[in-house]
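Visitor: Please give me a close look at the salt bridges here, together with the surroundings in which they sit.

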Amino acid sequence: MRAKKIHISAILFFLCICFLWGCGKQQPAAKNKLYVGITYYDQSDTFLSQLNTCLREQFDQLENDDLEITIAVRDAAGSQRTQDDQVEELIDAGCNILFVNLVDRTDPSEIIDIAKENNVPIVFFNREPVAEDMMRWDELYYVGADAKQSGTMQGEMAVDAILANKRIDRNRDGIIQYVVLEGEPGHQDAIIRTESAVNTLKNNGIQLEKLGYGIANWNRAQAQNRMMQIIGQHQNEIELVLANNDDMALGAMDAYKKLNYTESALPVFFGIDGTDVGLQAVADSELTGTIYNDKEGQSAAMVKLAVALISGKGLEEIEFQNDRYIYLPYSKVTIDNVDDFMDRKKQ
Ligand code: GAL
C-alpha cells in the first residue's frame, strides 16, 4: 500500500514538473505581454473617441516579435458604478495595466483599491483625479494637459481677433457682449478654462459684458439647445462665444443656423480640442479659432508609460511633473496654421 502511495506521488511530481516546464516554454515572458484594459467615461465623446483611435494606431505600430499587445476597451456610459465593475472584470480577465478615464474624477477609490490589491498600475487620463487620491498608491499616473493653459490661449486668441477686427464689437459700444458654454460641472477642464479665458481678455484691457452662460456637458446638441434659449433672450446682441470645447462651439453655431441668422449678425466663436470637425470649421472660417488638445501626444505618452511599466525599462527617460504626472502642451489653431494640424491626421 505504502509503495503504491509513493509511486503515485512520484508520478504526480513528475507531471507537475512537465506541466510547469511546458508553461514556461509556451508562454512568452510576462514582461513582454502587454494586456491593456481601457475604460472611458463616455465613448460617444468626440475628443475621446478620436483619442481612442490614436491609441489603437500607436499600439498597432508598436507590436513586434518581442511584445504581444492585447487591448480591451470598455464604455462606462456615464456611470461610475459601471466603471468600477469594468475595472474588476478587466483585472479578472488578466489585464496587467489599466488606462482609466474616470466618470467621476472625485471618486476613484474603488478602482484604486482593486488595482492595488492585484498590483495592476493605473494610468488615469483626461479626467484628473484629485491630488489626495493620486497619493493613495505609488503605481498611479496621470496623462493629460494643463486646463489653465488652454483657457489662457483661448483668451489670447480672442484678444487678438477683437483688436484686429473692430467689427466684432458690432454695436460699437466698446464692450464685448459674450456668452460662455461650459463642460461638465466639476471637470478640471470646465471651470478653469472659462476663468482663465475670461481673465486673459480682461487683463488685456478688453471690456466685457456677460450676457449668459450654459452648461452643455461637452455636447453639441445640448449646446445648441442652450444657445437657442440664450439667443431667444438676447437676439443679435451676442458678439463672442467662448466654448470649453469644439463640439459646444459648433452647437452654438448650429443654433444660429437653425434660427436663420445672417452672417453679419453672428458672433465670433472659439472652441478647444481641434477635433476633426473643429479643425474643418476653422478651415471654413466658421470657428475663429480653437486650441489643439494634443491627442497624439497624450496617447503616445500613455503607450510609452505602459511599455515602461510592464517591461521595467525606460521609466527613467520619461519626464514627469510631480513624479507621476505628464502634461502635454496645447497649441493655438487659426486659419493661418490649421492645415498643419489637419495634416497630422494624414501622417
Ligand atoms: C476635455 C475635452 C472635452 C471632453 C472632455 C471629457 O479635455 O476638451 O472635449 O472630451 O475632456 O473629459
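Guide: What follows begins with the frame of the protein and then takes the charged pairs in turn.

This is a predicted model, in which local features need pLDDT of at least 70 and side-chain atom pairs count only at pLDDT 80 or more, while totals for chains, interfaces and linings use all residues. Residues are numbered from 1 along each chain as its sequence is written, and side-chain values use heavy atoms, with hydrogens and water left out.

The C-alpha trace spans about 105 × 35 × 35 Å along its principal axes, and the secondary structure comes to twelve helices and twelve strands (DSSP runs numbered from the N terminus, H or I of at least four residues for helices and E of at least two for strands). Of the 347 residues, 50% count as buried, where buried means under 20% relative accessible area, exposed means over 50% and partly exposed lies in between, with a 1.4 Å probe and protein chains only. An automatic or database assignment sets the domain bounds, giving domain 1 (32-145 + 294-328) and domain 2 (148-292), whose C-alpha centres lie 32 Å apart.

The count of salt bridges comes to eleven, each being a side-chain nitrogen of Lys or Arg within 4 Å of a carboxyl oxygen of Asp or Glu.

The boundary between the domains is a natural place to start. Here 13 residues of domain 1 are in contact with twelve residues of domain 2, contact meaning heavy atoms within 4.5 Å. The buried area between the two domains is about 1000 Å², with carbon and sulfur atoms giving 36% of it; buried area is the accessible area (1.4 Å probe) that two parts lose on being put together, summed over both. One salt bridge is found across this interface, and nine residue pairs, both at pLDDT 80 or more, are in polar contact. A polar contact is a pair of N or O atoms within 3.5 Å; within protein, one must be able to donate a hydrogen and the other to accept it, and residues adjacent in sequence count only if both atoms are side-chain atoms. On the side of domain 1 that touches domain 2, the elements giving two or more residues are α2 (46-62) and α11 (295-311), and α2 gives the most, with three. By class, that side has three nonpolar, three polar and seven charged residues, where Ala, Val, Leu, Ile, Met, Phe, Trp, Tyr, Cys and Pro count as nonpolar, Asp, Glu, Lys and Arg as charged, and the others, Gly among them, as polar.

Another salt bridge pairs aspartate 113 with arginine 136, their closest N and O atoms being 2.9 Å apart. This pair links distant parts of the chain, with aspartate 113 in helix α4 and arginine 136 in the loop between α5 and β5, 23 residues apart. Aspartate 113 is partly exposed at 37% relative accessibility, as is arginine 136 at 33%. The buried residues of α4 (109-117), by contrast, are Ile111, Ile112, Ile114 and Ala115, and they pack against α3 (80-92), β3 (97-100), β4 (122-125), α5 (131-134) and β5 (140-144).

Lysine 332 and glutamate 156 form a further salt bridge, with closest N and O atoms 2.6 Å apart. Lysine 332 lies in strand β12 (331-333) and glutamate 156 in helix α6 (147-164), so the pair ties together parts that are 176 residues apart in sequence. Lysine 332 is partly exposed, with a relative accessible area of 30%, and glutamate 156 is also partly exposed, at 30%.

Aspartate 254 and arginine 220 meet in a salt bridge of 2.7 Å, N to O. They are 34 residues apart, aspartate 254 in helix α9 (246-258) and arginine 220 in helix α8. Aspartate 254 is buried, with a relative accessible area of 17%, whereas arginine 220 is partly exposed at 31%.

The surroundings of that last pair fill in the picture. Glutamine 224, in helix α8 (220-234), touches Gly251, Asp254, Ala255 and Lys258, leaving aside residues up to four places away in sequence, and it counts as buried at 17% relative accessibility. Histidine 234, also found in α8, counts as buried at 15%, and its side chain reaches the backbone oxygen of leucine 211 at 3.0 Å.
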